[in-house]
Amino acid sequence: MRTLIARLDSDGDVLLSGPAVRAAAAAGEVVFLCGPAGVQAAELLPGVTRIVEWECPWIANPAPDVRAFDIEAITALLRGIRADVALILTSFHQSPLPLALVLRLAGVPKIVARSVDYAGSLLDVRLRDDPDLPEAERALEVARAAGFTSSDSRLAVVEPPKTELSHPYVVVHPGATAPARTWSPDRWAKAVVALTAAGYRVVVTGGPAEAGLTEHVAGACGTDLGGRTSFRELAGVLAGADAVVAGNTGPAHLAAAVGTPVVSLFSPVVPAARWAPHGRHVLLGDQNAPCRGTRARECPVPGHPCLDLIDPAEVVAAVAEVTA
């Protein structure tokens with residue numbers, strides 16, 4: 001049995017597909033189709049046999065042009081995989097049908113996905129959406145509908161490398177690809193000072209493009225690791241932490257996957273019922289703020305009140321709660 005699993009978004013989305021991957025891997029090979037922003041997470045998923053990278057023009061942001069040559073090329077590549085079944089994993093606001101058409105033209109005999117739209121002959125099994133299901137469980141239900149049996153919806157990654165950081169410490173991860181989904185930089189910096197004053201050693205993490213942000217947030221109190229770890233090495237840093245403080249971003253899901261509790265500064269631009277860390281966590285932020293459900297990348301409300309009204313002392317108290 002060879003299963004193609006498609007999740008064409010970013011790292012956090014790919015990590016949340018992990019339970020579906022493990023369910024399919026119990027029956028054979030898993031080929032994982034993902035976008036450039038999800039490759040490093042796909043490399044950490046237990047059960048993935050092969051990764052195919054493709055920048056999908058109806059998923060990627062910013063989106064590349066739709067070119068006939070590219071569609072023909074990915075169709076030919078998918079035909080060569082000779083998958084027995086394909087699972088298309090999408091967020092609630094995405095349609096699986098364009099990719100289902102490509103997979104059908106590639107000769108995949110069985111295609112399973114969630115779709116609110118009539119799918120005709122594009123899907124062999126069509127699931128309706130459930131607005132209250134966490135994303136990891138939504139993905140696992142697609143795998144079950146394809147015939148794979150598993151009740152394990154926990155997140156997991158392959159064994160990360162051991163960190164050389166001395167313990168104990170708390171990780172603060174201030175960055176996010178969508179600014180609306182994280183705290184303002186000055187608020188993060190004040191939280192690092194407050195955590196340090198409360199007796200915690202603070203390690204600040206971030207990607208290469210976030211080095212300026214992490215330097216500002218770490219200040220004189222924190223240890224700045226911004227741009228100094230690969231995604232796999234970041235998994236090791238998070239695994240060694242007592243707690244992780246982060247916005248709604250991929251490293252929050254990575255922390256959950258390595259079993260570290262999360263203090264989640266969660267903006268309600270997407271629903272927490274689906275996107276909160278899939279593990280032990282404390283949720284902070286006004287979930288009824290005016291930005292609720294907008295899916296905004298930039299905060300549409302002056303002052304970013306859903307998160308910037310959080311006092312750093314609340315973060316300290318939340319860290320104490322999850323590390324108790």
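Mentor: An axis here is a line fitted to C-alpha atoms, for helices over the stretch in contact, and angles run from 0 to 180 degrees between N-to-C directions. The model under discussion is predicted.

Trainee: Why is α7 called oblique to α13?

Mentor: Helix α7 (residues 185-197) packs with helix α13 (residues 312-323) at an angle of about 50 degrees, the axes being 8 Å apart. The roughly parallel class holds angles under 35 degrees and the roughly perpendicular class those from 65 to 115. The angle of about 50 degrees falls in neither class, nor over 145, so the pair is oblique. The crossing is, moreover, right-handed.

Trainee: Which residues make the contact of α7 with α13, and how do they divide into nonpolar, polar and charged?

Mentor: Helix α7 contributes Arg187, Lys190, Ala191, Ala194 and Leu195, while α13 contributes Pro312, Val316 and Val319. Of these residues, 6 are nonpolar, none is polar and 2 are charged. Arg and Lys count as charged, so Arg187 and Lys190 supply the charged members.

Trainee: What makes α7 and α8 oblique to each other?

Mentor: Their axes cross at roughly 40 degrees and come within 7 Å. Since the roughly parallel class requires under 35 degrees and the perpendicular one begins at 65, α7 and α8 are therefore oblique. On the α7 side the contact involves Pro185, Asp186, Trp188, Ala189 and Val192, and on the α8 side Leu213, His216, Val217 and Ala218. These divide into 7 nonpolar, 1 polar and 1 charged.

Trainee: What makes β3 and β6 edge strands?

Mentor: The open sheet has 6 strands in the order β3-β2-β1-β4-β5-β6, with parallel pairing. Strands β3 (50-53) and β6 (125-127) each pair on one side only. From one strand to the next, the twist averages 15 degrees.

Trainee: How do we know that β1 and β4 pair?

Mentor: Pairing requires at least two bridges, and β1 (residues 2-6) and β4 (residues 85-88) have 4, in the parallel sense; the criterion is therefore met. Ile5, for example, has Leu87 of β4 as its bridge partner.

Trainee: What direction does helix α4 make with that of β3?

Mentor: Helix α4 (residues 68-81), which packs on the sheet and touches β1, β2 and β3, makes about 170 degrees with β3. That value is over 145, so the two are roughly antiparallel. Helix α6 (residues 135-145) lies across β4, β5 and β6, at about 150 degrees to β5; this angle is also over 145, and so roughly antiparallel.

Trainee: Why does Pro208 count as exposed?

Mentor: Pro208 sits in the loop between β8 and α8. Its relative accessibility is 69% and exposed means over 50%, so Pro208 qualifies.

Notes. Residues numbered from 1 in each chain as written. Predicted model: local features only at pLDDT ≥ 70, side-chain atom pairs only at ≥ 80, totals over all residues. Heavy atoms only, no water. Left-handed = near helix turned anticlockwise from the far one by under 90°. Contact = heavy atoms within 4.5 Å. Buried < 20%, exposed > 50% of the residue type's maximum accessible area, 1.4 Å probe, protein only.
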